[in-house]
Amino acid sequence: MLTTRATLVAEAAITLLAERGMRGLTHRAVDEAAGLPPGSTSNVARSRAALLELALVHLTELEKRGLAGLGPQQGGLAEALARFLHGALHEDRRRTLARYELALEATRRPELRAIYDAIGRDFRRAAVSLMAAAGSTDPDRHGHALVAFMEGVMFDAIAGAGREPALDDLRLTVREYLTGVLPPD
């Protein structure tokens, strides 16, 4: 769990990553965005690498909380997944954009790669559990495919040429996907 100051710095960094991209993330910009005195961000994260790691660790904590809420809900698995996607594309769009920025940066920074890969493992474990609970005949494969499917939907809506789907569109898309991989009721 991050301190209050570290959380403030991490949230400002996430906002800057989403709004300005990797090049717009500087210690000075974070100080300004967070409303902190100059040099405050450097006290929390000395280097750029430390600042990127702080943002990614904070995103990881937030996404783990989101994953915890993905259990069986009224309306079933399709409804829970559609709501999760809708949240990532609308309410948490800023975080999703920042995560994609950090994902690309992680391809060049091994210290970020390790954290980013841990996030991916957590998502895949949760997806495997969800698919097993839903009756999948191959929960490991179907769980990994579910993550790829959801990442594809999010990437297409945020960075691709696709449109941002409404909740009803996501419900239909997720239901069709699950119908294709799960055995009939």
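1. Let me start with helices H6 and H8, which in this predicted model are roughly perpendicular to each other. H6 covers residues 93-106 and H8 covers residues 139-158, and the two pack at an angle of about 100 degrees. That value falls in the range of 65 to 115 degrees, so the pair counts as roughly perpendicular. Their axes are 11 Å apart. On the H6 side, the contact is made by Arg 93, Thr 96, Leu 97, Arg 99 and Tyr 100. H8 contributes Glu 151, Met 154, Phe 155 and Ile 158. Sorted by class, this contact has 5 nonpolar, 1 polar and 3 charged residues.

2. Helices H1 and H2 make a good companion to that pair. They pack at an angle of about 110 degrees, with their axes 9 Å apart, and that makes H1 roughly perpendicular to H2. From H1 the contact takes Leu 8, Val 9, Ala 12, Ala 13, Leu 16 and Arg 20; from H2 it takes Ala 29, Val 30, Ala 33 and Ala 34. By class, the contact of H1 with H2 has 9 nonpolar and 1 charged residues, with no polar ones.

3. Which residues have the most contacts inside the largest nonpolar core? They are Leu 25, Val 30, Leu 81, Leu 102, Leu 146, Val 174 and Leu 178, in a core of 57 residues. Two or more residues come from each of these elements: H1 (4-20), H2 (27-34), H4 (48-68), H5 (76-89), H6, H7 (110-133), H8 and H9 (167-181). As general background, nonpolar side chains tend to be buried together in soluble globular proteins. Val 30 is worth a second look, since this core residue also takes part in the contact of H1 with H2.

4. Leu 178 is a handy place to explore that core. Once neighbours within four places in sequence are left aside, Leu 178 is in contact with Leu 77, Ala 78, Leu 81 and Met 131. One of these, Leu 81, is also listed with Leu 178 among the core residues with the most contacts.

5. Now to the rings. The count of aromatic pairs comes to 3. One of them is formed by Phe 84 and Phe 123, an edge-to-face pair at 6.1 Å centre to centre, with 65 degrees between the planes. This pair links distant parts of the chain, since Phe 84 sits in H5 and Phe 123 in H7, 39 residues apart. Both phenylalanines are buried.

6. Is the pair of Phe 149 and Tyr 177 stacked or edge-to-face? Their ring centres are 4.2 Å apart and their planes lie at 10 degrees, so the pair is stacked. Again distant parts of the chain are linked: Phe 149 belongs to helix H8 and Tyr 177 to helix H9, 28 residues apart. Phe 149 counts as buried because its relative accessibility is 19%, where the cut-off is under 20%. Tyr 177 counts as buried too, at 15%.

7. Two further buried positions are easy to inspect. Thr 60, in helix H4, counts as buried at 11% relative accessibility. Beyond its neighbours within four places in sequence, Thr 60 is in contact with Ile 115 and Ile 119. Ala 103 lies in helix H6 and is buried, with a relative accessible area of 12%. With the same four-place neighbours left aside, Ala 103 is in contact with Arg 113 and Tyr 116. The C-alpha atoms of Ala 103 and Gly 160 are separated by 16 Å, and these residues are 57 residues apart along the chain.

8. His 27 deserves a look of its own. This histidine is found in helix H2 and counts as buried at 17% relative accessibility. Leaving aside neighbours within four places in sequence, His 27 is in contact with Thr 41, Ser 42, Ala 45, Arg 46, Ser 47, Arg 48 and Leu 51. The C-alpha atoms of His 27 and Thr 179 are separated by 48 Å, with their places 152 residues apart along the chain.

9. Finally, is Ala 145 buried or partly exposed? At 32% relative accessibility, Ala 145 counts as partly exposed. This alanine is found in helix H8. The C-alpha atoms of Ala 145 and Ala 127 are separated by 8.9 Å, and the two are 18 residues apart along the chain.

Conventions: Residues are numbered from 1 along each chain as its sequence is written. This is a predicted model: local features need pLDDT of at least 70, side-chain atom pairs count only at pLDDT 80 or more; totals for chains, interfaces and linings use all residues. Side-chain values use heavy atoms; hydrogens and water are left out. Axes are lines fitted to C-alpha atoms, for helices over the stretch in contact, and angles run from 0 to 180 degrees between N-to-C directions. Helices (H or I, at least four residues) and strands (E, at least two) are DSSP runs, numbered from the N terminus. Angles under 35 degrees count as roughly parallel, over 145 as roughly antiparallel, 65 to 115 as roughly perpendicular and the rest as oblique. Contact means heavy atoms within 4.5 Å. Ala, Val, Leu, Ile, Met, Phe, Trp, Tyr, Cys and Pro count as nonpolar, Asp, Glu, Lys and Arg as charged, and the others, Gly among them, as polar. A nonpolar core is a set of buried Ala, Val, Leu, Ile, Met, Phe, Trp, Tyr and Cys residues joined through side-chain atoms within 4.5 Å. Buried means under 20% relative accessible area, exposed over 50%, partly exposed in between (1.4 Å probe, protein chains only). Rings of Phe, Tyr and Trp (its six-membered ring) pair if their centres lie within 6.5 Å; planes under 30 degrees apart count as stacked, over 60 as edge-to-face and the rest as tilted.
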